[in-house]
Amino acid sequence: MKRILLLSIVLLSLTAQAATKNNLTPKQIVAKCFTDKTKKQAFICVQKLAKQGDAGAQLMLGEMYEDGLDVTKNYKESVVWLTKAAKQGNAEAQFNLGGMYANGQGVKRDYKQALYYYTKAAKQGDVKAQFNLGVMYANGRGVKKDDKEAVYWYRQAAKQGDAMAQFNLGVMYANGQGVKKDDKEAVYWCRQAAKQGYAYAQSNLGKMYYNGQVAIKNDKQALYWLTKAAQQGDVEAQFVLGGMYKFGKGTTKDYKKALYWLTKAAKQGNVNAQLALGNMYYNGRGVKQDYKESMSWYTKAAKQGYVVAQLALGNMYCYGQGVKKDDKKAASWYTKAAKQGNVDAQGLLGRMYYKGQGVIKNYKEALYWYTKAAKQGDAVAQILLGDMYANGQGVIKNYKEALYWYTKAAKQGDVYAQTILGDMYGLGQGTTKDDIKSYAWYLIASSNGDKYSQKDSQKLESIMTSEEINQGQALAVKLSKEIEANLATHTKK
């Protein structure tokens, strides 16, 4: 039958149950044409009444052609009879005809005509037509997008108890679309839909309570509504519910239930659930550690393009966990994750090209991937990039560029980079010789536990003036504060 989508909502057309505007009601037609008659005789009977101008029979005949009931399915013929009934003011026929135009069944798809017939039916109180009008105005189909008009029609349908309209109206209130943002109204309408058993509304209401967005955070209410939706097969609800049992949110921690719901979601293809299961089996949390089972779930998520799973899979092949060690496959999965911008995968792939591990040794490729990771703030990649520039590997030797990347890593708190900077400023590599800066970096590295830097700072003290030593110490304090701020920002991220 007719379907239009909005926010994952599927609209179903109604069968002829209400009294027609004129002539026989559907019940009367059934009693007249179907009782103790063969299918062929029943069809002929309905056809005869329709040809006599009975709107109810025209509607029924149109639906019989539309659904292939007791006659070969024929959308064009369905449109002919629905049009006749619609022109007589039959609301159900108007609604069905709107659906035919919206979906291009028996006629060329025409959203304007769909809008026309839905409006006709909606003004007569047809609830599904009212809802569909809301959808069309919200999406700008057959008419200029108009959120206020969408809200109007959603409200008309919602007042008649249509669950999907109630939910969509709640969404409009939550987002402030076509109406002033109102969290209470959003929760109210979403709850009305949820109470009718509408799984999508139950799922979203549960997530509202869980996240504390729109609704006041309430884990118990979240658990209640998510359970309702999950039991109906809502995959998002199953995933969130699994997490709640896993971490004991709104209930006591229960790994068995967590595993149950996450598995339900994962089997429906939910990539987050697949990753969560992979992590549970990998770490042995709530289940016996099982690398093979972990790999199975990581693979499912990775094949859907989930970058974290691709990285995890690369690691398992690299270290031979749950599978025979395979550097080529590790490199393959690292490449997939790296191309999606995963900083860890970029650094690891750079290392593989540098060492020729699973790929042909290639310093230029190593340099390329280290640069990608370094620009995202990976301190290890910044150091290795500095090393490559300092040693001229895959690139012309360039101390200035090496100094740049060592500085990036040093300011993230890396002791090795801090020590190297002390050496480079002391030797004038990539910069002018500067004992004060050299001394400052040695002091910082020394304070972080590097014994060699402590000795180097003491050597410099023996040849520096008191003023230079004071300047170096002041610079070390300034740089240390900068490093602390960088680390604090990194921790928050």
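1. A polar contact is a pair of N or O atoms within 3.5 Å; within protein, one of the two must be able to donate a hydrogen and the other to accept it. This idea is needed for the capping of helix α7 in point 3. The structure discussed in this note is a predicted model.

2. Overall form. The chain contains 26 helices and two strands. Its radius of gyration is 34 Å, well over the 23 Å that the globule rule gives for 493 residues, so the chain is more spread out than a compact globule. Taken along the principal axes, the box filled by the C-alpha atoms is roughly 115 × 50 × 50 Å. Of the 493 residues, 47% are buried. Among contacts between residues at least 6 apart in sequence, 48% join residues at least 24 apart.

3. Helix α7. This helix covers residues 127–139. Its N-terminal end is capped by D126, which places a side-chain oxygen 3.2 Å from the backbone nitrogen of K128. The student may check the length of the helix: at 1.5 Å a residue, its 13 residues should span 18 Å, and the end C-alpha atoms are 19 Å apart, which agrees. The expected figure is 1.5 Å times one less than the number of residues. Just after α7, G140 takes a positive phi of about 70°.

4. Burial of α7. The helix is mostly covered, with twelve of its 13 residues buried. Among them are the hydrophobic-looking names a student might expect to find, including V127, F131, L133, V135 and M136, but also K128, Q130 and N132.

5. Aromatic pairs. The model has 15 aromatic pairs. One of them joins F43 and Y65, whose ring centres lie 5.7 Å from each other with 85° between the planes, an edge-to-face arrangement. This pair links distant parts of the chain, since F43 belongs to helix α2 (residues 39–51) and Y65 to helix α3 (residues 55–67), 22 residues apart. With a relative accessible area of 11%, F43 is under the 20% limit and so counts as buried. Y65 is buried as well, at 10%.

6. A second pair and a cluster. The rings of Y404 and W405 have centres 4.9 Å apart and planes at 85°; an angle over 60 degrees counts as edge-to-face, so this pair is given that label. The two partners are covered to unlike degrees: Y404 is partly exposed at 41% relative accessibility, whereas W405 is buried at 5%. Elsewhere, ring pairs link Y101, Y116 and Y117 into a cluster.

7. Charges over rings. Two lysines deserve attention here. The charged end of K84 sits over the ring of W81, at 5.6 Å from the ring centre. The charged end of K217 sits over the ring of Y210, at 4.9 Å from the ring centre.

8. Surroundings of C190. This cysteine lies in helix α10 (residues 183–195). Is C190 buried or exposed? Its relative accessible area is 1%, so C190 is buried. Leaving aside residues up to four places away in sequence, C190 touches Q166, F167, A201, L205 and M208. For one of these neighbours, L205, the C-alpha atom is 6.4 Å from that of C190, although the two residues are 15 apart in sequence.

Technical notes. Residues numbered from 1 in each chain as written. Predicted model: local features only at pLDDT ≥ 70, side-chain atom pairs only at ≥ 80, totals over all residues. Heavy atoms only, no water. Phe/Tyr/Trp six-rings, centres within 6.5 Å; stacked < 30°, edge-to-face > 60°. Helix = DSSP H or I, 4+ residues; strand = E, 2+ residues; numbered from the N terminus. Buried < 20%, exposed > 50% of the residue type's maximum accessible area, 1.4 Å probe, protein only. Lys NZ or Arg CZ within 6 Å of the ring centre and 35° of its normal. Rg over C-alpha atoms; globule rule 2.2 N^0.38 Å. Contact = heavy atoms within 4.5 Å.
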